[in-house]
Each structure stands twice: as C-alpha cells, then as structure tokens.
Amino acid sequence: GKTLSSADTELLYSFHDYYGLPIEVILVLIEYYVSKDKRSMKYMEKEAGKWVAAGIDSVEKAKAYIEKREAFLSYAGRIRAIIGIQERRLTSRELTYVNDWQNRFKMPLEMVKLAFELTVNQTGKLSFAYMNKILEAWANANIRKQADLKKEQKTAGKTTKKSDRYNFAELERQAFQAVNQK
C-alpha cells in the first residue's frame, strides 16, 4: 500500500540475510501484518525476530502460527468483553493468564464468565489471580462446563474432608486468602 524507501528495502533484505527467513515466509509475514493494518517496517522487523525465535521457517509453520495467534486474539477479545475492559489492552501478566486458560486449562468461555462472576461476588472486584485459582481448580477437577460443576458440587456436598472430592467453597476461600496475602 506504499512505496518502499531504501531503508524499508534494506530492512526487508535483513529479514532474509540477517534473520534467515525464506522469502516465502517474509511474504506471508508482510501480507499478514498489512492485513492487520500494521504497516510499520520497524514493527514487522520486531515480529520477524519473534517468528525466528518461534522457529517459523516455512509457509506451513507461518500459517499455523497465524491461525493460533488469531484464535488467541479472538479468545482474549471475548474475555475482555466478558469482564468489561474494552477500553484498554490486557497487560502481559493478564495475557499470560488468558493464554493458560485457553491452552493449558482448555477452559470454555462460559466457565471463564462464571469464574469472573464468582470472583466479583467474592472479592468485589476483578482479580485475574483469583479467577486463575478458580479456573485452575476446575481444570484439575476436569470441570469444563456448568453441568460438570453442578454435579461436582452435589458430590462434594455429600463427602467428607478426607475425600478426594473438591469442595469448591473451600477452594474459593483458599484462592481468596492466597490473593489477599500478596
């Protein structure tokens, strides 16, 4: 969408000569970031470095990286909508939590919403650390939907503390203590 300056052209050559990216991968990188309206060559240089660090050295790997990135951005965007923080970006720490919820815990958005509601009800505010404790406990108990949670809560209500069942009221209390001790 613009005429490249000599500095821009030199930077593009550096993607190949310095970073060792194949020309096809460079074209995918440029096409992707231009489609995102990120046309700054300095920005693309920074991203090229990330691609190299991530081992992206083929068109297939580049497309897989883009697909994964888009899925994450969609998930993160929907979480921002759930918790009502559309006016700002997530911090790097918050993004780490979101990445864990999506990739490590494999937590559906409906459960993130429920964890957010429990967090606000218990603490009176948004707390990513508190939400993370709840979601981590659910992931460890293999709870991925509300029906699983209701079933687990019924079972936990019938068991003793010596049982291996999860008492979610107790887990929430522990999460609250852990967050407030920091």
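These exercises walk through a predicted model of a protein chain, each with a solution in steps.

The model is predicted, so local features need pLDDT of at least 70 and side-chain atom pairs count only at pLDDT 80 or more, while totals for chains, interfaces and linings use all residues. Residues are numbered from 1 along each chain as its sequence is written, and side-chain values use heavy atoms, with hydrogens and water left out.

**Exercise 1. The overall fold**

Task: Find how many helices and strands the protein chain has, and what percentage of its residues is buried.

Solution: Begin with the definition, in which helices (H or I, at least four residues) and strands (E, at least two) are DSSP runs, numbered from the N terminus. Counted in this way, the protein chain has nine helices and zero strands, and its pattern along the sequence reads α-α-α-α-α-α-α-α-α. Next comes burial, where buried means under 20% relative accessible area, exposed means over 50%, and partly exposed lies in between (1.4 Å probe, protein chains only). Of the 182 residues in the protein chain, 35% are buried. Finally, take contacts, meaning heavy atoms within 4.5 Å: among those with a separation of 6 or more, 58% join residues 24 or more positions apart.

**Exercise 2. The two sides of α2**

Task: Check the length of helix α2 against the expected span, and then determine where its buried residues lie around the axis.

Solution: The expected span of a helix is 1.5 Å times one less than its number of residues. For the 13 residues of α2 this gives 18 Å, which agrees with the 18 Å between its end C-alpha atoms. The buried residues of α2 are Val25, Ile26, Val28, Leu29, Tyr32 and Tyr33. They cover an arc (taken from the directions from the helix axis to the C-beta atoms) of only 160 degrees, so they sit on the same side of α2. On the other side of α2, Ile23, Leu27, Glu31 and Ser35 are exposed. As a last step, look for the partners of the buried residues of α2, which pack against α1, α3 and α4.

**Exercise 3. The two sides of α3**

Task: Repeat the analysis for helix α3 (residues 41-53), and name the helices that its buried residues pack against.

Solution: Helix α3 has 13 residues, for which 18 Å is expected at 1.5 Å a residue, and its end C-alpha atoms are 18 Å apart, in agreement. Its buried residues are Met41, Met44, Glu47, Ala48 and Trp51. Seen down the axis of α3, these buried residues fall within an arc of 115 degrees, so they line one face of the helix. Lys42, Lys46 and Ala53, on the other side of α3, are exposed. The buried residues of α3 pack against α1 (6-17), α2 (23-35) and α4.

**Exercise 4. How α4 meets α6**

Task: Describe the crossing of helix α4 (residues 59-83) and helix α6 (residues 109-123), and list the residues that meet.

Solution: Axes are lines fitted to C-alpha atoms, for helices over the stretch in contact, and angles run from 0 to 180 degrees between N-to-C directions. The axes of α4 and α6 come within 10 Å and cross at roughly 35 degrees. From α4, the residues Tyr75, Arg78, Ile79, Ile82 and Ile83 meet Leu109, Val112, Lys113 and Phe116 from α6. To sort them, count Ala, Val, Leu, Ile, Met, Phe, Trp, Tyr, Cys and Pro as nonpolar, Asp, Glu, Lys and Arg as charged, and the others, Gly among them, as polar. The contact of α4 with α6 then divides into seven nonpolar, no polar and two charged residues.

**Exercise 5. Residues in loops**

Task: Is leucine 90 buried or exposed, and what is the phi of aspartate 37?

Solution: Leucine 90 lies in the loop between α4 and α5, and it counts as buried because its relative accessibility is 11%. Leaving out residues up to four places away in sequence, leucine 90 touches Ala76, Arg80, Ile85, Leu95, Val98 and Phe128. Turning to aspartate 37, its place is in the loop between α2 and α3. Its phi is near 60 degrees, a positive value in a residue other than glycine, and aspartate 37 is exposed, with a relative accessible area of 58%.
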